[in-house]
Amino acid sequence: MATKAFTLDDLKRILKEAAGVAEGVDLDGDILDTEFEVLGYESLALLEAGSLIERECGISLDEEAVNDAHTPRTFIDVVNMQLAPATAA
Amino acid sequence: MTASVVVTGLGVASPNGLGVKDYWSATLGGKNGIGRITRFDPSSYPARLAGEIPGFVAEDHLPSRILPQTDRVTRLALVATDWALKDAGADPAQMSEFDMGVITASAAGGFEFGQGELQSLWGRGSQYVSAYQSFAWFYAVNSGQISIRNGMKGPAGVVVSEGAGGLDAVAHARRQIRKGTSLIVTGAVDASICPWGWVAQLSTGKLSTSDEPARAYLPFDRDCRGYVPGEGGAILITEDADAARARGARSYGEIAGHGSTMDPRPGSGREPGLRKAIELALADAGADPGDIDVVFADGAGDPEPDRTEAEAITAVFGARAVPVTVPKTMTGRLYSGAAPLDLAAAFLAIRDGVIPPTVHVDPCPDHLLDLVLDQPRPAPVRSALVLARGSGGFNSAMVVRAAR
């Protein structure tokens with residue numbers, strides 16, 4: 001099964017569903033390298049987002065890698081890293 | 001000398017009124033907030049009436065970031081806190097973060113949220129359970145979320161003593177203020193009108209099974225038949241009196257005295273602890289029984305605890321010697337939220353010189369009480385006594401007094 005790459009738009013959609021948007025935060029701005037903490041998302045929000053992604057994409061995310069992903073760019077990389085072998089298989 | 005602790009802000013979420021203004025005019029007008037449950041279909045349950053809060057739309061008051069992680073009870077508590085802080089003219093962003101704390105009571109936590117996650121667990125699998133279940137159900141969740149939302153990093157905690165908790169939390173807030181914290185957000189909101197929460201409440205066997213909203217919850221009536229549960233409560237902003245004065249805040253009055261006791265073992269034949277709690281609260285306030293202008297009774301709505309309460313009031317004050325009222329006849333019993341709502345009513349009674357009524361009740365003449373029935377009673381109110389009891393033997397009494 002071909003899997004499309006996980007994009008920033010995917011992540012924004014998932015974050016909104018999993019944890020909402022904090023007051024004064026614009027997810028449509030240039031946020032790719034903004035720390036999640038600045039965007040108002042703590043570790044539990046990212047855990048919940050990761051859980052949604054796992055269900056939607058049928059993958060299992062590396063917990064440590066998710067913990068170390070502090071920005072949307074690094075988080076998206078972690079997801080795509082897991083998607084790649086799933087795509088290959 | 002121990003510092004005086006005053007209430008400078010009120011936030012109310014009640015079945016018969018959202019916000020202080022709505023609640024107070026509804027309460028003086030005898031507006032009943034009890035009705036058939038609408039939040040789920042109650043037809044297959046033995047008890048079908050509750051005091052539900054209509055018209056609360058969390059999205060209108062809270063950012064979307066808060067919603068996926070909160071039960072209804074926490075949303076109500078957060079909004080009531082926003083209103084209370086506004087009422088107090090207190091802007092947490094302008095105050096020292098370690099000089100503000102949060103101490104609320106809770107009798108249930110977030111049942112509806114927990115029910116949803118249990119349904120996900122058994123219906124769809126563990127990967128569908130929200131990470132926020134880790135705290136959204138918990139007793140301390142209101143205190144935690146209020147603290148986070150308002151950046152309050154001083155003393156925080158939750159008091160769990162069922163229906164008495166609402167007074168015990170305010171008493172603990174007063175303690176923390178006397179130990180040096182300037183402002184404490186206190187009070188309580190409870191809300192668990194969902195099938196899971198309902199079943200837990202039914203298990204006590206004390207819920208009224210009447211289908212008549214005006215006949216279901218009748219404390220001190222010969223026809224009393226148990227109680228109707230409700231949702232909601234009140235949040236109070238308590239402050240050191242000097243600190244409040246220094247920032248030019250208006251005060252509703254003082255938390256003057258508190259007493260709490262535990263009942264003896266059921267069947268022991270020894271006297272229940274309520275009278276002692278009243279005496280302790282009066283002594284703590286330096287007040288005589290004659291100083292009290294109104295008693296907000298607990299009003300269990302069952303013959304035995306009603307008799308116990310009437311006897312305790314009569315033992316301290318004398319027969320029909322003090323006006324007694326139970327405005328919760330309009331809301332149902334809100335668990336730990338009930339007593340803070342009564343505190344709010346007591347402060348408003350002090351402000352306006354009027355005692356809110358008890359509705360629907362035809363008092364049993366065995367109780368030697370001067371119940372304020374059906375209509376509000378104009379009267380100068382300088383001091384009020386609020387009583388609250390919790391399942392398991394908790395008794396609590398609190399004296400509030402007009403600001404000096």
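## Report on a predicted two-chain model

B:Thr314 lies in helix H10 of chain B, which covers residues 303-317. Helices (H or I, at least four residues) and strands (E, at least two) are DSSP runs, numbered from the N terminus. This is a predicted model, in which local features need pLDDT of at least 70 and side-chain atom pairs count only at pLDDT 80 or more, while totals for chains, interfaces and linings use all residues. Residues are numbered from 1 along each chain as its sequence is written, chains are lettered from A and ligands numbered from 1 in the order in which they are written, and side-chain values use heavy atoms, with hydrogens and water left out.

**B:Thr314 and its surroundings**

The relative accessible area of B:Thr314 is 19%, so this residue is buried. Buried means under 20% relative accessible area, exposed over 50%, and partly exposed in between (1.4 Å probe, protein chains only). Apart from neighbours within four places in sequence, B:Thr314 is in contact with B:Ala319, B:Leu368 and B:Leu369, where contact means heavy atoms within 4.5 Å. B:Leu369 is 55 residues away from B:Thr314 along the chain, yet their C-alpha atoms are separated by 7.3 Å.

**Paired strands of chain B**

Strand E5 of chain B (residues 100-105) is largely enclosed by the rest of the structure, because six of its six residues are buried. On one side of E5(B) are B:Met100, B:Val102 and B:Thr104, and on the other are B:Gly101, B:Ile103 and B:Ala105; all of these are buried. E8(B) is also mostly covered, with nine of its nine residues buried. Two strands pair if DSSP finds at least two bridges between them. The table sets out pairings in chain B.

| Strands | Sense | Bridges | One facing pair |
|---|---|---|---|
| E5(B) and E7(B) | parallel | six bridges | B:Ala105 and B:Ala188 |
| E5(B) and E6(B) | parallel | four bridges | B:Ile103 and B:Gly157 |
| E1(B) and E8(B) | antiparallel | eight bridges | B:Leu10 and B:Leu236 |
| E7(B) and E8(B) | antiparallel | eight bridges | B:Leu183 and B:Glu239 |

B:Glu239 belongs to strand E8 of chain B, residues 232-240. Its relative accessibility is 1%, and therefore B:Glu239 counts as buried. Beyond its neighbours within four places in sequence, the contacts of B:Glu239 include B:Ser4, B:Val5, B:Ile177, B:Leu183 and B:Arg247.

**The interface of chain A and chain B**

Between the two chains, 16 residues of chain A are in contact with 13 residues of chain B. The area buried between them is about 1,100 Å², of which carbon and sulfur atoms give 51%. Buried area is the accessible area (1.4 Å probe) that two parts lose on being put together, summed over both. In chain A, the residues that lose the most area to chain B are A:Leu44, A:Glu48 and A:Arg55, together 46% of what that side buries.

The rule finds two salt bridges across this interface; a salt bridge is a side-chain nitrogen of Lys or Arg within 4 Å of a carboxyl oxygen of Asp or Glu. The side chains of B:Arg149 and A:Glu23 meet in a salt bridge, at 3.7 Å from N to O. On the side of chain A that touches chain B, helix H1 (8-19) and helix H3 (43-57) of chain A each supply at least two residues. H3(A) gives the most to that side, with six residues.
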